[in-house]
Amino acid sequence: MRKLSHWQSVFGCFSTQKTNCRPFKPLDSHWQRIIILVLVLSLFMPLAGCYDAREIDDLAYVMAIGLDKGDSGFIKMTLQIAIPKNISGGGEKGGGGGGEASLPTTIETHSLPVGLNVINTYLSRQLSLSDAKAIVFSEELAKEGIGQYLHSIARNREFRPNMYVVVSKTSAEDYIKGVVPKLEANPSKYYELNLTSYKYNGITPGTTMHNFYFDSESLSIQPVAILASINKFAPDKEMNLQASTYKEKNKPYPFMQDFTAGNIPRKSEFGPEIMGSAVFSSDKMVGELDGEETAYYLMLIGRYNYANWSFTDPKHLNSFISLNIKQNRKPSIKVKLADGKPIIDIKLDLEADILSIQSGENYELPGRIGEVESYVSGVIKKDLMLTLNKCTKQFKTDIFGFGKKAKYLVWTWDQWEKMNWHSIFPYSKFNPEISLKIRRPGLIIRTVVPNSSQKSGNASQ
Amino acid sequence: MHDKIIFGSRDAMWLMMNMVCAKLALNAIRVLEETAGNASWLLCIYLIILANIGLFLVFKLFERFPGKDIIDIAYEVSGSPGRIIVGLTIVLTQLFVILLFFRGYAEHTKIVALTVSPISFITSFFIICMVIACFFGLEPLVRLHSIIIPLVAVLFSLILMLSLPQCQFENLLPVLGLGADKIFLGGTLKLSIFQELTFLFLLPPFLVSFNKFKSAGYKFINLSGFFYLSLCLVFGTIFPYSAAIESIIPVYSVSRVIFWGRLIQRIESIFFMMWSLASVFFLSASMYFIIYSFAKTLKLPYIKPLIIPFAIIIFTITLLPQRLLDVTALVEYYYNLGWAPAFVLPLILLIISILFRKGGKQNAQT
């Protein structure tokens, strides 16, 4: 008998011919083959469409969902639905078809699934949530608690876990209706790009649904959401810096990160904006962080990527140094308990590139670069402490996930529950250590200042 | 000789791998999480060690009766009553198991994909495949396992690898999860994840030698244990304990959170393909072995006339539970008692054979 290889014997067994080299019995009769053929062919029949068949052009794609407190005590649900013919290419102007790219609609309901059902009484197409990019809660609703909606979302397979969670300081309806992007034909792409901008600006948390949901149920971390609003400065109004958070932080003047959404001093026809974070304790919003505090939050949870920062020049108080700060590696965090109170050692490893030195001071020189490094490290350390104190003393919520490190202190889940991290976290003491190294000076290796401006600079001092 | 079905230890390994690992696509990991908390991976290692020890003892029985399956051995050891008791135990146990998983697969398919289709429509697909597979017979079934299951294993590994960026080691803390007692005492019952070992005991006549049988056994236990352990670690690090016990289908939940930019996301479609293949093969092989055991127990000469009646019985009992939650409640019994037919039954036969000096050298002399 000829010896067969493994794969020869694997594929050989489906032959209906009798051979001497295969130790297997072929199909017995023609009738058996016919029966099997009929059974196999019967499997192809439903491929033409079965109960679950839904054509792409029979569906209405929801891009964002907004939830507000309803007028009748229930909830007000706003959907932003894509109008495909205006989004798709082929229009006269190239990108979209020329008209509105989305259709906002609002309904008063007592639960999400029923609301979605009722919307289909006046929309021709069946709603599909599988492309929803954002869920927006109004601040008012978030402060009352959103747990019931989170469970509803987690239970429904159509909601994507990577949908972004946003809290709007205005109503969710206003925010969603305001999202009529100028750069994108497709609002869905606007959400996708805008809400992931934390990767290069570091001033929004970029929270997705599954992170938010897990954190809201966790005993070791609390959730945050992206803070959004409609900008309060109308194009025809004067801008001011009064709404900045710089005074709370004892700064002499506001930096651009010292704002929350809605208060950014800017003028634009486009109202919606995001900046800062909505801080939660379990499923209830308890406060907000501005852009700078959000950057520290991102650094502490290890999701900070890079962003541009400004610092007062230590030698010239009216000039600024701008740096592009990156996080080298995940933060090193160690938690220990002393008299039942957490002591948390934090080590942040940062590196920076110089973007501008307005004063023209030659900090790039090898002997002087350390001056900027230690100064900036000191500023970051001070402001980081303010953020940590705000979350411990004011909000009493561990959004940084220090509790995850505290789990090293126990062996079992019982012990962990007994430790009751969320109740002892407000008594935490922090020992932050910031290591910042300036790596590159950009395209200029030293600054040559004209004599006249140097003189005037010295005179001003 | 040419009519005798023979396959290698690798084919047997893939067959058994799927029999044990197909449950991964359903609820096995959630059950381990519920038992040991976030230390399910520790429980998993413990179960792999226990299964290896159990298998070592079970092989002592098969060593005494080379080339014989457990029903033949029962006959050798205790005559026809033994054969009928052992055979019917296997048939009834596996009918219960197939009820749980057939309905489970169908219901979960309805949850994640075919939400509008009636359950009878979905089960019809499965039963047609099972009937076709049984008509083809054991060898094509086993050979197909060695083609398809490696592919399923690759898809499964792909899902695990793509989800690595979402893993957070701290979710595995506290190290001992719900406690050492829950892992090492209560967790012992979860040896039931290897319940399908019973099918391995039907394979000796199809494997050339005892060594191949033994090698297939150890290989599949450790390889399937590895997949269990990998999923426990990945699922446990992505989902905090509180969220992990909420998830109805852990692998599906893992595949949903995979997000590598705009290009790689919605991986659950791969999961669904993997799931469909694994479940159809699992159910087909289960049904074949049920019919095979039944025929062998009652000394019926042909298997094929039994296929349609058994298909009708299985299809009917699958629809008996009124709701998925009833099936979930029954699954608890499976995970608490499934170890008994897999490990206790052969050990009882081993003890009897030693006491009455059956098998081994005596057998060789006769």
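**Exercise 1. Determine whether A:Y190 and A:F270 are buried or exposed, and characterise the contact of their rings.**

Solution. In this predicted model, A:Y190 is buried, as is A:F270. Two quantities are then required, since a pair of aromatic rings is described by the distance of the centres and the angle of the planes. For A:Y190 and A:F270 the centres lie 5.3 Å apart and the planes meet at 75°. Planes over 60 degrees apart count as edge-to-face, and the pair A:Y190 and A:F270 is accordingly edge-to-face. Finally, the pair is placed in the chain: A:Y190 belongs to helix α8 (residues 187-195) of chain A, whereas A:F270 lies in the loop between β7 (224-230) and β8 (272-281). The pair thereby links distant parts of the chain, 80 residues apart.

**Exercise 2. Classify the pair A:F255 and A:F320, and state which parts of chain A it ties together.**

Solution. The centre-to-centre distance is 5.6 Å and the angle between the planes is 85°, an edge-to-face arrangement. A:F255 sits in the loop between β7 and β8 of chain A and A:F320 in strand β11 (residues 320-327), so the pair joins parts 65 residues apart in sequence. Buried means under 20% relative accessible area. A:F255 has 11% relative accessibility and therefore counts as buried; A:F320, at 22%, counts as partly exposed.

**Exercise 3. Identify what sits over the ring of B:Y75.**

Solution. The charged end of B:K299 occupies this position, 4.9 Å from the ring centre. The cut-off for such a contact is within 6 Å of the ring centre. As to confidence, chain B averages a pLDDT of 88, and 97% of its residues score at least 70.

Methods: Residues are numbered from 1 along each chain as its sequence is written. Chains are lettered from A and ligands numbered from 1 in the order in which they are written. This is a predicted model: local features need pLDDT of at least 70, side-chain atom pairs count only at pLDDT 80 or more; totals for chains, interfaces and linings use all residues. Side-chain values use heavy atoms; hydrogens and water are left out. pLDDT is the predictor's confidence in each residue, from 0 to 100. Rings of Phe, Tyr and Trp (its six-membered ring) pair if their centres lie within 6.5 Å; planes under 30 degrees apart count as stacked, over 60 as edge-to-face and the rest as tilted. Helices (H or I, at least four residues) and strands (E, at least two) are DSSP runs, numbered from the N terminus. Buried means under 20% relative accessible area, exposed over 50%, partly exposed in between (1.4 Å probe, protein chains only). A charge sits over a ring if NZ of Lys or CZ of Arg is within 6 Å of the ring centre and within 35 degrees of the ring normal.
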